[in-house]
Each structure stands twice: as C-alpha cells, then as structure tokens.
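Visitor: I would like a close look at a single part of this protein, with enough of its surroundings to place it. Please take the strands at the start of the chain, and then show me what the rest of the chain does by comparison.

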Amino acid sequence: AAGAYRVRWRVVSADSHVTQGEFTFTIKHNRESGFDAVLVLARVVHFAALMALFGGELFPHYAGARAPLSRWAAWLALPSGLVWLGYVVFEIAGGLGETAHLKFIALFVSADFGRAWLAHLIATAVAVILALKAPAPSRALAIASGLALATPAGFGHAAAAEGVLGLLRLANDALHLLAAGAWLGALAPLHQALRESSLAEAEHM
C-alpha cells in the first residue's frame, strides 16, 4: 500500500555482538496505471503477432496443408515491439528528455540487454518484410520469425544469470517461446485446414 514506512532491524552477528538500525522509505501512489496498461497491451500484441507469424509459417512445412500468410501479424509485430521498447527506455532514462541524449543511447546499446533488443528488432523487421513481400509461406520467413520470437529471452529474467546456468536459462526461455509459438500460432491455420477438409468431404457426399 502507498505511504511512508520505517523499518527497524536488529541482528546478532557471528561474534555475538548485537547490531541494529533503522531506515525509512516511501511508496507513492501509482499515477501511471494507464501507461502500464499500454505496456501490457503492447507486449501481448507483440508476442501474439510473432507467435502467429512463426506458428503460421511453420505449419505448412510439417502438416502439408496450405496456410494463409498472417499479414495482420506482420503489420502489428514491429509497431507493438517499438512501443514496448519505448516504455523500457522511458523507465530506464527516467523521462522523455533523457532518452534522446547520445550518452544514454550509447549506454543502452553497449549493455547486453540493449544489444539483445537490437537483435530482436532486426529479426522482427526482417520477418515483417518477408511476410509482407512473400506470396506464400517460406522457410526463410519461418526462420526469421523464429529468431524474432526467441530473442526476447535475451532481455528477460533469464538474462540476469551468468555462466553456464545463465546460458541454460536463456536456452530454456527461447525454447519455451518457440514451443508456444509453434503451438498457438498453428491453431488458426489448423482450424482453416480442418474447415476446408470438412467442406471438401461435404461436397463429395
């Protein structure tokens, strides 16, 4: 709950001496709930679009059935990702004025999560271009959309770990995203394939 808090602490150290102290902090009312709602919406739309692209483009290669290109996903993937990134940059910089400073931009790009964001946006842009230009699903589009879907692992919670454990967590997050995309993104083309099959059977009866 919002308000001012005081924390008093008292511990016994390893040499049996008692140490104590206190500190205060304040929790302010959240006046940016609408701003946070935009972030949530942008993330939902972004992941939904990337999953639709990846799962939709992957479906024909293992199901042997036609699937329409998810052009709506192509139009939404990049803008929603930019809105999400804009929120992140705003939070880190602490305001709109700081986000345009060259020092901040250089700092952001030099950080691991900044480079992960750049890789994600590049992969997303390539997937969007392929989706809008390709007349039919292609392996190149499936690969590009898969990279776009997997790269958010690089700026998620798993990226906080280091060493072998960190790499394992990153791989785990990326595989989870790809698995979710392959499953959820294939639901629409699967529905269409089943519908076309039912119509074809009805015509032959």
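Guide: From the N terminus on, the elements of the protein chain run β-β-α-α-α-α-α-α-α-α. That makes two strands and eight helices in the chain. The model is a predicted one, and the values below are computed from it.

The part you asked about consists of strand E1, residues 3–12, and strand E2, residues 18–27. Two features can be described here: a set of charged side chains and a nonpolar patch.

Take the charged side chains to begin with. Glutamate 22 forms a salt bridge with arginine 8, and the closest N and O atoms are 3.3 Å apart. This pair links distant parts of the chain, since arginine 8 is in strand E1 and glutamate 22 in strand E2, 14 residues apart. Glutamate 22 also meets the side chain of arginine 6 in a salt bridge, at 3.7 Å from N to O. Here too the partners sit on separate strands, arginine 6 in E1 and glutamate 22 in E2, so the pair ties together parts that are 16 residues apart in sequence.

How exposed are these side chains? Arginine 6 has a relative accessible area of 51%, which means that it counts as exposed, the cut-off being over 50%. Arginine 8 is exposed as well, with a relative accessible area of 61%. Glutamate 22 is partly exposed, at 44% relative accessibility.

The chain has three salt bridges by the rule used here. Besides the two just described, there is one between the side chains of arginine 115 and aspartate 112, at 2.3 Å from N to O. Arginine 115 and aspartate 112 are three residues apart in helix H5, so about one helical turn separates them. Arginine 115 is partly exposed, at 42% relative accessibility, while aspartate 112 is exposed, at 57%. Back on the strands, Arg6, Arg8 and Glu22 are joined into one network by salt bridges that share partners.

Now the nonpolar patch. Tyr5, Trp9, Val11, Phe23 and Phe25 form this patch on the surface, and together they have about 450 Å² of accessible area. E1 and E2 each supply at least two of the patch residues, and the largest share, three residues, comes from E1. Phenylalanine 25 is one of the patch residues and is found in strand E2. Its relative accessible area is 35%, so phenylalanine 25 counts as partly exposed.

For the surface as a whole, the protein chain exposes about 13,200 Å², and carbon and sulfur atoms supply 67% of that area. Buried residues make up 31% of the 205 residues in the chain.

The helices bring in the interior. The largest nonpolar core has 29 residues, and those with the most contacts inside it are Ala77, Trp84, Leu85, Trp117 and Leu149. Helices H1, H2 (71–93), H5 (112–133) and H6 (139–150) each supply at least two residues of this core. The largest share, eight residues, comes from H1. Leucine 85 shows what such contacts look like: leaving aside its neighbours within four places in sequence, it is in contact with Phe108, Trp117 and Leu121.

Helix H1 covers residues 33–63 and includes leucine 53. Leucine 53 has 1% relative accessibility, so it counts as buried. Its C-alpha atom is separated by 8.1 Å from that of leucine 141, although the two are 88 residues apart along the chain.

Histidine 46 is also found in helix H1. With a relative accessible area of 0%, histidine 46 is buried. A polar contact of 3.2 Å joins the side chains of histidine 46 and serine 80. Beyond its neighbours within four places in sequence, histidine 46 is in contact with Ala77, Ser80, Gly81, Trp84, His120 and Thr124. Ala77 and Trp84 are also among the core residues with the most contacts.

Contacts across long stretches of sequence can be put as a figure for the chain. Among contacts between residues at least 6 apart in sequence, 61% join residues at least 24 apart.

To return to the strands: E1 and E2 both contribute to the nonpolar patch, and the network of Arg6, Arg8 and Glu22 is built from salt bridges that share partners.

Technical notes. Residues numbered from 1 in each chain as written. Predicted model: local features only at pLDDT ≥ 70, side-chain atom pairs only at ≥ 80, totals over all residues. Heavy atoms only, no water. Helix = DSSP H or I, 4+ residues; strand = E, 2+ residues; numbered from the N terminus. Buried < 20%, exposed > 50% of the residue type's maximum accessible area, 1.4 Å probe, protein only. Contact = heavy atoms within 4.5 Å. Areas by Shrake-Rupley, 256 points an atom, 1.4 Å probe, with all protein chains shown as cover. Patch = residues over 30% accessible without salt bridge, like charges linked within 9 Å, V, L, I, M, F, W, Y side chains within 5 Å. Salt bridge = Lys/Arg side-chain N within 4 Å of Asp/Glu carboxyl O. Core = buried A, V, L, I, M, F, W, Y, C linked by side-chain atoms within 4.5 Å. Polar contact = N/O pair within 3.5 Å; in protein donor to acceptor, adjacent residues only side chain to side chain.
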